[in-house]
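Which of the labels given to this model follow from its values, and by which cut-offs? The questions below take them up one by one.

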Amino acid sequence: MGAFENCTSLKTITIPEGVTNLGVSAFSGCSALSAIHWPSTITKVGAGAFRGCKSVEKLYLSDVRAYCNADYETDNRYEEELDYYDAIPLYCYKETTLYLNGYAVTDLVIPEGTVKIPYNAFHNL
């Protein structure tokens, strides 16, 4: 059982800097979860960490590169698309479409104060 599995009243999570691992099914079944604040220190996310979290609309990343480089475990019982959806709320499928919680991203907000976006910053995201 995940640490916060089936906490259906949980709406927002702020994962503090320093956390490096989200376990299997960590937030699975948190059906009201709508916003996640993600630190740069996470390096591993267990299978099904966000399974059933269909209300996520906002993902705040402190470091896009760190987010992309983390190890996301998948569960081989599901088709490829569902593996990523269950383990990671934001993903790029077949290098063509960026998804958040299973829906194609249509709006992306670059935070105020951003002074540089490096070449290929979002390539293959």
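**Labels and their grounds**

Q: Why is lysine 44 called partly exposed?
A: Its relative accessible area is 32%, and the label covers whatever falls between buried (under 20%) and exposed (over 50%), computed with a 1.4 Å probe and protein chains only. Since 32% lies between those two limits, lysine 44 is partly exposed.

Q: What kind of model is this, and which residues and atoms enter the values?
A: The model is predicted, so that local features require a pLDDT of at least 70 and side-chain atom pairs one of 80 or more, whereas totals for chains, interfaces and linings use all residues. Residues are numbered from 1 along each chain as its sequence is written, and side-chain values rest on heavy atoms, with hydrogens and water left out.

Q: What makes the contact of lysine 44 with glutamate 73 a salt bridge?
A: The term asks for a side-chain nitrogen of Lys or Arg within 4 Å of a carboxyl oxygen of Asp or Glu, and the two side chains meet at 3.1 Å, N to O. Lysine 44 belongs to strand 4 (residues 44–45) and glutamate 73 to the loop between strand 6 (71–72) and helix 2, so the pair ties together parts that are 29 residues apart in sequence. By this rule, the count comes to one salt bridge. Glutamate 73, at 25% relative accessibility, also counts as partly exposed.

Q: How many helices and strands does the chain have, and what makes a run of residues count as one?
A: Helices are DSSP runs of H or I with at least four residues, strands are runs of E with at least two, and both are numbered from the N terminus. By that rule the chain has two helices and nine strands, in the order β-β-β-β-β-α-β-α-β-β-β from the N terminus on.

Q: Why is serine 28 called buried?
A: Its relative accessibility is 8%, and so it counts as buried. This serine lies in the loop between strand 2 (21–22) and strand 3 (35–38).

Q: How do you know that serine 28 makes a polar contact with arginine 51?
A: A polar atom of the serine 28 side chain lies 3.4 Å from the backbone oxygen of arginine 51. That distance satisfies the limit for a polar contact, a pair of N or O atoms within 3.5 Å (within protein, one must be able to donate a hydrogen and the other to accept it, and residues adjacent in sequence count only if both atoms are side-chain atoms).

Q: Which residues does serine 28 touch?
A: With contact taken as heavy atoms within 4.5 Å, and residues up to four places away in sequence not counted, serine 28 touches Phe4, Glu5, Asn6, Gly48, Ala49 and Arg51.

Q: What can be said of serine 25, which is in the loop between strand 2 and strand 3?
A: Serine 25 counts as buried at 11% relative accessibility, and its contacts beyond four places in sequence are Gly2, Glu5, Ala47, Gly48, Ala49 and Arg51. Its phi is near 60°, a positive value in a residue other than glycine.

Q: Where is asparagine 6, and what is its phi?
A: Asparagine 6 is in the segment before strand 1, with a positive phi near 65° in a residue other than glycine. Its relative accessibility of 47% makes it partly exposed.

Q: What makes Leu108, Ile110 and Ile117 a nonpolar patch?
A: A patch takes residues with over 30% relative accessible area and no salt bridge, joining nonpolar side chains (Val, Leu, Ile, Met, Phe, Trp, Tyr) within 5 Å and like charges within 9 Å. Isoleucine 110, in the segment after strand 9 (103–104), has 37% and thus passes the area cut-off. Together the three residues have about 270 Å² of accessible area, by the Shrake-Rupley method with only the protein chains shown counting as cover for residues.

Q: How confident is the predictor in the chain and its elements?
A: On the pLDDT scale, the predictor's confidence in each residue from 0 to 100, the chain has a mean of 78, and 75% of its residues reach 70 or more. Among the elements, strand 1 (residues 12–14) has the highest mean, 95, and helix 2 (residues 80–87) the lowest, 53. Where pLDDT is low, the predicted coordinates should not be read in detail.

Key
Accessible areas come from the Shrake-Rupley method with a 1.4 Å probe; for residues, only the protein chains shown count as cover.
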